[in-house]
Amino acid sequence: MASYPHVFEYPMGALVNDELRMTNDECKLPASSGCDSDSSFVTRHSSFETRHSSFPLRGRWRQEFFKNDNPIVLELGCGRGEYAVGLARRYPDRNFIGVDIKGSRMWSGATESLKEGLKNVAFLRTNIEIIDHFFAPGEVQEIWLTFSDPQMKKATKRLTSTYFLARYRHFLEDGGLIHLKTDSNFLFTYTKYMVEANHLPVEVCTEDLYGDKSYRPTPNLARPQLRTDNLEGSLDLSIRTYYEQQWLARGLSIKYLRFRLPAEGTLVEPDVEIPLDDYRSYNRDKRSSLITSR
Ligand SMILES: C[S@@+](CC[C@H](N)C(=O)[O-])C[C@H]1O[C@@H](n2cnc3c(N)ncnc32)[C@H](O)[C@@H]1O
């Protein structure tokens, strides 16, 4: 058994009868099979507020885990954690947390970061639907969504839907950044409409990240010193995840949208029909004649 002090395990299945079962705050992962271990102790709580305050690091990630005052950046749906680990290497003055429900995938990034001795990266195995249980208001500065499933059937499952944005607002600082990097024209188009419908400030929007040579850094960007003279060359966009490499090999262009999420204002879903991605299984289903979705 290898010890993974930087991995926390807290899946939604731990919520039983509207009560919260809480896993141990330090997850021990089997070295060979990945992180699918059971909780080692269970704590029950009855009220929503108690549930929110029950995760021991909520509001204390910096002081008690990272032991610094640096900003916190989440990668939601991190898979193998390539982005979280890649960013942690590039930005030692920031803290990164990869979140995913699949422990076996996360295990790869968790192992790599442990071997390298990276102190600014952690992992949380949970369902993103309950992500607001783990962070206090304003505790997180940025969110990365890397090659998220487009969820063409159901808007509320999309990680850029107003359903999820409302959850992010519980812990993302006012005007915090959200990065969407995707192969999916469906998810990209949906997110563009969602951002437009809610007047969310857009910093960068390109349908072809690696083909777009027109980008130049603007002086008022939050971190202009970290960016080079084109998007492809910027440090945080130079990481290629497993899924990204698959899509690139198939000749798909990579899309990127970076916007800010203000804390206030009603969020509305866009009312548009969007063409489905024709290379995804949803559209290949013979029983379905749908070519668009909302
Ligand atoms: C297509 S993969 C992308 C993985 C990685 N970001 C990459 O680029 O290689 C999507 C990941 O999101 C995770 N995921 C999707 N929906 C989730 C949810 N609601 N809660 C937790 N993880 C989720 C899946 O387990 C999967 O690992």
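The legends below describe close-up views of a predicted model. Local features need pLDDT of at least 70 and side-chain atom pairs count only at pLDDT 80 or more, whereas totals for chains, interfaces and linings use all residues. Residues are numbered from 1 along each chain as its sequence is written.

**View 1. Residues around the ligand.** The ligand is surrounded by 19 residues, of which G77, G79, I101, F147 and T241 come nearest; a residue is near if its C-beta atom, placed from the backbone, lies within 6 Å. By class, this shell holds six nonpolar residues (Ala, Val, Leu, Ile, Met, Phe, Trp, Tyr, Cys and Pro), seven charged residues (Asp, Glu, Lys and Arg) and six polar residues (the others, Gly among them). Helix α7 (residues 242-249) gives the most to the shell, with three residues. Helices (H or I, at least four residues) and strands (E, at least two) are DSSP runs, numbered from the N terminus.

**View 2. Burial of strand β8.** Five of the five residues of β8 (residues 121-125) are buried, so the strand is largely enclosed by the rest of the structure. Buried means that 20 or more other C-beta atoms, placed from the backbone, lie within 10 Å of the residue's own. V121, F123 and R125 cover one face, and A122 and L124 the other. In a regular strand, side chains alternate between the two faces of the sheet.

**View 3. Neighbours of strand β8.** Strand β2 (residues 7-9) pairs with β8 in the parallel sense over three bridges, pairing requiring at least two DSSP bridges. Here V7 stands opposite F123. Strand β7 (residues 95-100) and β8 are likewise parallel, over five bridges, with D100 opposite R125.

Conventions:
Buried ≥ 20, exposed ≤ 12 C-beta atoms within 10 Å, placed from the backbone.
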